[in-house]
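Let's take a friendly walk through a protein model, starting with the whole chain and ending with single residues. Keep the structure open beside you as you read.

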Amino acid sequence: MSSIPPQRNTYSNVIEMEMAENEEVRIEIPENNSTDNAIVVREWEGCLKGNAVTKRSQRRIERVPPLIFKCEKGKRNQECYEPAVVSLGPYHHNQTELAQAEKYKLITLEEFRLSCREEAQAEKYKLITMGDLYNKVFEVVEEARNCYIDGSTDGYTDEEFARMMLRDACFVLFFIECISCAKNKVLLNNEYLGALGFANVVRDIFLLENQIPFVVLKVLLELRFPTDSKGGEDILNRFFNYLNYGEVITGGEKVLDHKQPLHLLELYRSYFISLKVSLGLGSTHSRKGPRKWKKVTESSEDYNYVKRNRSFASVTELKAKGIFLKRICNESSNEDIKFLSHFCYGELELVRRAVSSNTKAIYLNMIAYEMCAHNPNDFRVSTYIRVMKSLVIQRDDVKELRNHNILLHSLGRDEEVVKMYDEIDVPAVNLYMFNQLRKEIEHHCSSKYKTWAAELITGYFSSPWKTVALLVASAILFTSFLQTYFTIRPLPDDSNADMMKLLRHCVHSKQPPT
């Protein structure tokens, strides 16, 4: 993992926020009189605090940063950034090995038009024609062009570019609707792409270089669901839950609520994980009064790369220290990772996530998106995956996550999950969020009485049989102690006689009168 350490002499206006357990957050604002740079700095500062990403005019659908392929893991994972079945957008258009999907796009275009026509008939609206679909896309063709990097769309006229956007967008929306609504039309995918091709469509539509501007998807969703004020909120919600939990369900936060995504990958990334500023501050000790801002004093760890980026223990190691896993029940909450330090044990709360054969490629492309320029964000996915890489280093860790219903996977063996996380490289994380969680865990583990209590609980009270064995052993030790004590120091004879007299008196006193 790489991270640029702050420079001691080039920053000013250093402020810090007091947190629970005396944890502190360092926010450094570079001095710059440029208005544009000041806006960028404020955006980054807001994102580091967990605020929403603002939409900037110069943002584009970027290509994967070349530096990712410089490292060894990046070279091995290069195929995870390239489409296997279908090309979407101009970056991989007209590749020979993807020609089969181009024929299938014409079928999905017609199926999407028929679906819009059926919806219009049911609601007694004007019937949708192919020309209506094309005209809707053509209205936003210039805006869609501007979503790609300069020069990538110069080889297409507006008509050609609009037709490409229409075919690609209808393919994506038809596939999403088939998965979300469990329609029989999903069999069309198997018929034209095969079972293996169908299984790879999910990964292809979430590749960074394979994105359609969301403005195109939006206008088509409005035609497909004219009575839905959110324009396809339900099918996107069910589709994203299918990716997150492995099942098609409706629930969680609103997908499109107050969001202006650039493309589908960006929208899913914002839905995938929520890391708010309270990450790592879940102490059971209440904090009174408002948070206060104050000037900071420099600490050695602020400028120590190793200390700031070090990972914490794995799941099994944390369990031995008295930190137990717990699944977050409210999956619509704004905190998907939370640590609670109790009196004699700790709880690491994690949100439930599913892992499939497509997960690695989706994770890598979300990380690549976060590494691109002009995308100020909070590194939420990179931070989450960095946490999981710390937690999962052997199959027993995966087993613990499965037993607590936190991680569901279809990779066959637990070792495959360990291998997947090991092969993912995380170039950078949100150090504020990651360090808050790490410091809270280290603070808990540094408490002697908490770790001793944890060793007692895990060693002797982890199962009913161990508890019974402990009680039996304690009883045997106690009786052995009494026997040894009275053997060494027997009771005097007169005391025995007095005790016998007392017993006889008690017996006679209880006899009924004759």
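The protein chain folds into 20 helices and 8 strands; both are DSSP runs numbered from the N terminus, with helices (H or I) of at least four residues and strands (E) of at least two. This is a predicted model, in which local features need pLDDT of at least 70, side-chain atom pairs count only at pLDDT 80 or more, and totals for chains, interfaces and linings use all residues. Residues are numbered from 1 along each chain as its sequence is written, and side-chain values use heavy atoms, leaving out hydrogens and water.

Of the 514 residues in the chain, 47% count as buried. Buried means under 20% relative accessible area, exposed means over 50%, and partly exposed lies in between (1.4 Å probe, protein chains only). Contact means heavy atoms within 4.5 Å. Among contacts between residues at least 6 apart in sequence, 72% join residues at least 24 apart.

Here are three residues to find in the structure.

| Residue | Location | Relative accessible area |
|---|---|---|
| Tyrosine 485 | helix H19 (residues 464–488) | 35%, partly exposed |
| Glutamine 211 | loop between helix H7 (186–204) and helix H8 (214–224) | 1%, buried |
| Leucine 267 | helix H10 (residues 264–272) | 1%, buried |

What surrounds glutamine 211? Leaving aside neighbours within four places in sequence, glutamine 211 is in contact with residues including Ile61, Leu88, Tyr148 and His263. A polar atom of its side chain lies 3.0 Å from the backbone oxygen of isoleucine 205. A polar atom of the glutamine 211 side chain also lies 3.4 Å from the backbone nitrogen of leucine 264.

Leucine 267 touches Phe214, Leu236, Phe240, Val255, Leu256, Lys259 and Pro261, not counting residues up to four places away in sequence. Leucine 267 and phenylalanine 214 are 53 residues apart in sequence, yet their C-alpha atoms are 8.9 Å apart in space.

Now look at helix H14 (residues 380–391), where 12 of the 12 residues are buried. Among them are Arg380, Tyr384 and Lys389. How far apart are the end C-alpha atoms of H14? They are 17 Å apart, which agrees with the 16 Å that its 12 residues should span at 1.5 Å a residue; the expected span is 1.5 Å times one less than the number of residues.

How values were computed:
A polar contact is a pair of N or O atoms within 3.5 Å; within protein, one must be able to donate a hydrogen and the other to accept it, and residues adjacent in sequence count only if both atoms are side-chain atoms.
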